[in-house]
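Hi,

Here is the structure I promised to pass on to you. Have a look at it first, and then read on for what turned up.

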Amino acid sequence: MLKNGIYGILILVAAACMGDDTQTYTATPAELDIPPFFESSILPPEIPRDNPLTVEGIALGKALFYDPILSANNTQSCASCHLQSGSFSDPNQFSVGIDGSIGTRNSMPLFNLAWNRRGPFFWDGRAATLEDQIFEPITNPIEMANTWSNAVAALQNSGTYPDLFDAAFGSTTIDSVKVSKAIAQFVRTLISGNSKFDRYLNGVEDLSPAEERGMNIFLDETRGDCFHCHGNPMNPLWTDNRFHNNGLDEFFTDRGLGAVTGDPRDDGLFRTPSLRNLAFTAPYMHDGRFNTLDEVIDHYSNGLVYSETVSPLLKKIAEGGVQLSSEEKADLKAFLLSLSDPSFTTDSEYQPN
Amino acid sequence: MKNHSFKIVVTFLSTVLLFSGCKDNDDTPLAEVSPSFSFTHNWDGVPIQNADYETTTYVNEHGETLTLSKLMYLISDITFTDAQGNSFSAGDYNLIDAREGVNLSFTPDVVIQEGTYNVSFTFGFDDEDNAGDYPDLNTADGGVWIVPMMLGGGYHYMKLEGKYLNTQTVPESQVGFAYHAIRANDNSTSPITLQDTSFTVDLGDVAIGEGTNIEIQMNVAEWFKNPHTWNLYELFSMLMPNFNAQILMSENGAGGVFSRGN
């Protein structure tokens, strides 16, 4: 658990390093509300030393997340493509920008990103940190299509934001770095840890027989073998936060990580998404090609396609996949849905004030 | 891992030995040192570098042409044993990611007097250590270093992955392999049958002084060679629940995979 004392020291150090206009920095240290099982099983989040969580910073970040002021024509906010009802993802295959432009990838859901401890972010890993990730959509021409100078000017000229930035960062002067820091603080508070399976692990709820069978398929190397990329009950993240080619295509129209690193060994690799909240995050895959979870399971069961960089873990690729029976597919789906957390998609803490 | 009392014993023994050392004829105390280790990887003597993964082809003892894509492994309990049979170990561990170059250097948390020691370590975790709960290992490798309970729980010892050329298909095809070493388990029995397949690697006697670094070399080819010639056509994947395959891996590992360099 992150302690107030640690935050206090970090803030004092940060304050000591800042310029004159931040000497009165008095933001209130905040803690993440970490589920006990997360705390006991995996390493804690790494909060950047230069962006400690504060009550005022998180509040500012939430206001910015939901405010279309950041887009060029004041029509889109972060929440336009990251809907809480969709576990902060977009139910559309591709998100639509302010001028009707269509993206090429499905919007990633936003939760438990504080535990992506070393990054990177985005499907293709092109952002090293969460703060870096937040920088991009505001100026992306097919998303919010703004310039930072315009966005900052709009915030600076608003009636409320200078005071909110002053409360969060000790200065009424707004800049892009503070905007990204504040939104990152809010996004780090988006924690999902109350699925049926979480409650099962906590001993307060039983799995159904189908869910239990599905879990065994998930963990069985001779059947589902999902755990090598998506983790197991000892790790509540349900993703390895790494990059794999999961056998979608023989040829790549989207090189994914390879386009970022320039290394052909990374062509067709995309970040593993978490299996939490699948009930809310359709469509699936980096390009949202699958509308249903059944299609996803069918892909791994008999739809795998070989390409040079395909993961060696897809062992039965010559047969198209792990060849699950219809009963096994149904059980696996039941288990996967037990990882969904409806309380996360309705939590008023994450809603605009 | 282990307990603090053991470390205290080590420290106490070190201290006692240090003062014993002060009684030498010249009254010059022996220096206390913390030797470091480095880890290197080769295929029958040819170094394996990052650029070799997924690109350089190797031929294993059985004749399959293969490429490597991942090599991570866990070592633990580096132990220094002096001529009197006194052993010193911090009981700590190191998870190496050879491709990514992570943890290629490691200094165990132990202080010993300079001198000559037999040096050994454990490949993987022995049963005692494998029963522990380590948040860093629960998080390692993206959180998938853990072994599911239905396979006996604990942690992977090694993930060696790649692809081999299947020449028996028309056309020839690349097939992924996942040579994953864990504790041998058979969950067809109740309760599950478990066998500790970690093994001790003896690096021999080493003169240890100030700044000593010991290179631990892994010859990856040996995993496929000795004493069991590994047939990837038969043993390419689904090896974690394969009790006999885990025994074979362990025996091949103990058969000469590791050696001391420099």
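Let me begin with a pocket: the second largest one has a volume of about 720 Å³. It is lined by 36 residues, and those closest to its centre are His82(A), Phe122(A), Gln133(A), Pro137(A) and Glu143(A). Three elements of chain A give two or more residues each to this lining, namely helix 4 (78-81), helix 5 (130-139) and helix 8 (176-188). Helix 5 of chain A makes the largest contribution, with six residues. By type, the lining of this second largest pocket has 19 nonpolar, 11 polar and six charged residues. Please keep in mind throughout that this is a predicted model.

Next, the enclosed spaces. Searching the whole structure gives two cavities of 30 Å³ or more. The largest cavity holds about 780 Å³ of space. Around it are 44 lining residues, and nearest its centre lie His230(A), Asn246(A), Met285(A), Val296(A) and Tyr300(A). Helix 11, strand 2 (270-271), helix 13 (293-302) and helix 14 (326-337), which belong to chain A, are the elements that give two or more residues to the lining of the largest cavity. Helix 13 of chain A has the largest share there, at five residues. The same lining, sorted by residue type, comes to 24 nonpolar, 15 polar and five charged.

Now to the place where the two chains meet. Chain A brings 31 residues to the contact and chain B brings 39. Together the chains bury about 2,700 Å², and 59% of that area is on carbon and sulfur atoms. On the chain A side, Glu221(A), Arg265(A) and Pro312(A) account for 26% of the area that chain A buries against chain B, which is more than any other three residues supply.

What about specific interactions across this interface? There is one salt bridge between chain A and chain B. The partners are Arg242(A) and Asp141(B), with their closest N and O atoms 3.2 Å apart. Polar contacts across the interface number 12 residue pairs, counting those with both residues at pLDDT 80 or more. As for the elements involved, helix 2 (36-41), helix 10 (209-219) and helix 11 (227-230) of chain A each supply at least two residues of the side that touches chain B. Helix 11 of chain A provides the largest share of that side, four residues. Helix 11 is thus a name you will meet twice, as it also gives two or more residues to the lining of the largest cavity. The side of chain A that touches chain B is made up of 10 nonpolar, 12 polar and nine charged residues.

Finally, a few backbone details to look at while you have the model open:

- The peptide bond from Gly119(A) to Pro120(A) is cis, with omega near -5°. Pro120(A) sits in the loop between helix 4 and helix 5 of chain A, and both of those helices give residues to the lining of the second largest pocket.
- In chain B, the bond from Val170(B) to Pro171(B) is also cis, with omega near -5°. Pro171(B) is found in the loop between strand 11 (158-166) and strand 12 (173-181) of chain B.
- Glu54(B) has a positive phi, near 70°, although the residue is not glycine. Its loop joins strand 3 (46-47) and strand 4 (58-59) of chain B.

Happy to go through any of this with you.

Best wishes

Notes
Residues are numbered from 1 along each chain as its sequence is written. Chains are lettered from A and ligands numbered from 1 in the order in which they are written. This is a predicted model: local features need pLDDT of at least 70, side-chain atom pairs count only at pLDDT 80 or more; totals for chains, interfaces and linings use all residues. Side-chain values use heavy atoms; hydrogens and water are left out. On a 1 Å grid over the protein atoms alone, a cavity is a set of points where a 1.4 Å probe fits but cannot get out, and a pocket is an open set with protein on both sides within 12 Å along at least five of seven lines; lining residues have an atom within 4 Å of a point. Grid points are joined across faces, edges and corners, and a volume is the space filled by probe spheres set on the points. Ala, Val, Leu, Ile, Met, Phe, Trp, Tyr, Cys and Pro count as nonpolar, Asp, Glu, Lys and Arg as charged, and the others, Gly among them, as polar. Contact means heavy atoms within 4.5 Å. Buried area is the accessible area (1.4 Å probe) that two parts lose on being put together, summed over both. A salt bridge is a side-chain nitrogen of Lys or Arg within 4 Å of a carboxyl oxygen of Asp or Glu. A polar contact is a pair of N or O atoms within 3.5 Å; within protein, one must be able to donate a hydrogen and the other to accept it, and residues adjacent in sequence count only if both atoms are side-chain atoms.
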